[in-house]
Each structure stands twice: as C-alpha cells, then as structure tokens.
Amino acid sequence: MIETDRLILRGWRDGDIAPFHAMGNDAEVMRYLGPPMTLADAQAAGDRMNAVMAERGYCFWAVERKDDGAFIGFCGLQPGYDFLAGQTEIGWRLRRDAWGRGYAREAAEASLAWGWDNLDVPAITAITVLANTRSWGLMERLGMTRYPDEDFDHPKVPDGSPLKRHILYRIARPISRRAAP
C-alpha cells in the first residue's frame, strides 16, 4: 500500500469492481481507451491486477480517496507485455468527477517514487494516443519525454480505429534514486 497526502494506492477489492465498471462505461473516460467495459471485463481486470500484485508486488493499484474511502480509479506500474515486453509501464485512469484535482499526478508521482525505490529498472514507460492531451500532458509534467521514433500501432486495437496509433513516453531512473537491494 502507498499513501500520499490525499490518496491510498492498494490492491483491488471486490467492492472496486462496480465503480470500475461504471467508470468503464463513461463515454468521456473511455474516449481514448476503447469500447465500454462489461462487468465481466471489469472483474477480469481486477483479477489480473491482483494476480500481477501477487506475482510481482505491484500493479495498476486501485486508487482510494482518503477523506471518504471512495474508489476513484487506478494508477501504478506493471510489467510491459507484448509490444512493451521487457519494459515497466506506468498507467492511470480516474473517474471523471476526479479529473482536474491533481489526483492523477499525485498517484503517478507516488507510483514512480515506489518504482525507483523498489524496482531495478533503468526507465519507466507510458503510452497513449496523440489525441489524449490530458494523459500525455501529465506524462510531460512528470518529466517524461516522448520518443516519436517509438510510436507504434497498438496490436490490440482494430485496424482503421482512430485509437490504433500510440505514442510512447519514457522517464529514465534519476541518478539519485537506487532500487532497494
């Protein structure tokens, strides 16, 4: 579990699935992410995150607001799969009523700090679509740099979709941060 001033990043609970499913059916939240989620999709995602957590000790953690205990989304790290194999990915998704309050940045900064302190990785990567200016804007505010020569067509997105082309950002391990032995 990671605590910030206003948030708790933690493993997923059964009670997170319904609000995650609702978030996954908000057209504005899913605008750059793909089709709405079914309840089964939401459950599978929570199960996947807990499996990654059990295996690796980290995942795209559930984000809980401290003042009211509300699930507001997820943020964290996961091992890169398929097209990001061998890399560590940071990602986030918050429900719409949590946007514009600094929660994503707070959670992402805590996730990066945890990664530098606990993972022996040279860099952390993030991806999104070019149109998702809020997401890549946060990447830049976190100190991440875009690598246009590594932009790619996402293999899990259908050909012809405006979400097919993805951009890649990365941040190198700060020299002052060393992973725990």
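Which residue in E3 does Ile8 stand opposite? To find out, open the model, which is a predicted one, and begin the tour at strand E2.

**Stop 1: strand E2 and its neighbours**

Select strand E2, residues 7-10, and then add E3, residues 60-65, to the selection. Ile8 stands opposite Glu64 in E3, and this pair belongs to an antiparallel arrangement in which four bridges join E2 to E3. If you now show the side chains of E2, you will find both faces covered, with Leu7 and Leu9 buried on one side, and Ile8 and Arg10 buried on the other.

Next, add strand E1, residues 2-3, which runs antiparallel to E2 and is joined to it by two bridges. Glu3 has Ile8 as its bridge partner in E2, and the two strands E1 and E2 form a hairpin with three residues between them.

**Stop 2: strand E4, between E3 and E5**

Keep E3 in view and select strand E4, residues 71-79. Nine of the nine residues of E4 are buried, so the strand is largely enclosed by the rest of the structure. E3 and E4 run antiparallel and are joined by five bridges; to see how they are aligned, label Val63 and Gly73 of E4, which stand opposite each other. The hairpin of E3 and E4 has five residues between the strands, and in it Gly69 takes a positive phi near 70°.

Now select strand E5, residues 88-94, which pairs with E4 in the antiparallel sense over seven bridges. Here the residues to label are Phe74 and Arg93 of E5, which stand opposite one another.

From there, move to the loop between E4 and E5, where Asp82 has its place. Asp82 is worth a look at the backbone torsions, since this residue has a positive phi of about 50° although it is not a glycine. Asp82 is exposed, with a relative accessible area of 52%.

**Stop 3: helix H2**

Select helix H2, residues 39-56, and place a distance between its end C-alpha atoms: they are 26 Å apart, which agrees with the 26 Å that its 18 residues should span at 1.5 Å a residue. Which residues of H2 are buried? They are Ala42, Ala45, Gly46, Met49 and Val52. These buried residues cover an arc of only 125° around the axis, which puts them on the same side of H2.

To see what that side meets, show helix H1 (17-23) together with E3 and E4, because the buried residues of H2 pack against these three elements. Then turn the view to the face of H2 that points away from its buried side, where the exposed residues Leu39, Ala40, Ala54 and Glu55 are carried. Just after the helix, select Gly57, which takes a positive phi of about 90°.

**Stop 4: salt bridges**

The last stop gathers charged pairs, of which the structure holds 17 as salt bridges. Begin at the end of H2 with Glu55, which forms a salt bridge with Arg56, their closest N and O atoms being 3.5 Å apart. Glu55 is exposed, with a relative accessible area of 63%, whereas Arg56 is partly exposed, with a relative accessible area of 43%.

Then select Glu150 and Arg170, whose side chains meet in a salt bridge at 2.8 Å, N to O. Glu150 lies in the loop between strand E7 (145-146) and strand E8 (152-153), while Arg170 lies in strand E9 (residues 165-172), so the pair ties together parts that are 20 residues apart in sequence. Of these two partners, Glu150 is partly exposed, with a relative accessible area of 29%, and Arg170 is buried, with a relative accessible area of 16%.

Finish by selecting Arg10, Arg13, Asp16 and Glu64, which salt bridges with shared partners join into one network. Within this group, Asp16 forms a salt bridge with Arg10, the closest N and O atoms being 2.8 Å apart, and both Asp16 and Arg10 are buried. The selection also returns you to the opening question, as Glu64 is the residue in E3 that Ile8 stands opposite.

Note on methods
Residues numbered from 1 in each chain as written. Predicted model: local features only at pLDDT ≥ 70, side-chain atom pairs only at ≥ 80, totals over all residues. Heavy atoms only, no water. Salt bridge = Lys/Arg side-chain N within 4 Å of Asp/Glu carboxyl O. Buried < 20%, exposed > 50% of the residue type's maximum accessible area, 1.4 Å probe, protein only. Pairing = 2+ DSSP bridges. Expected span 1.5 Å × (residues − 1). Arc of directions from axis to C-beta. Contact = heavy atoms within 4.5 Å.
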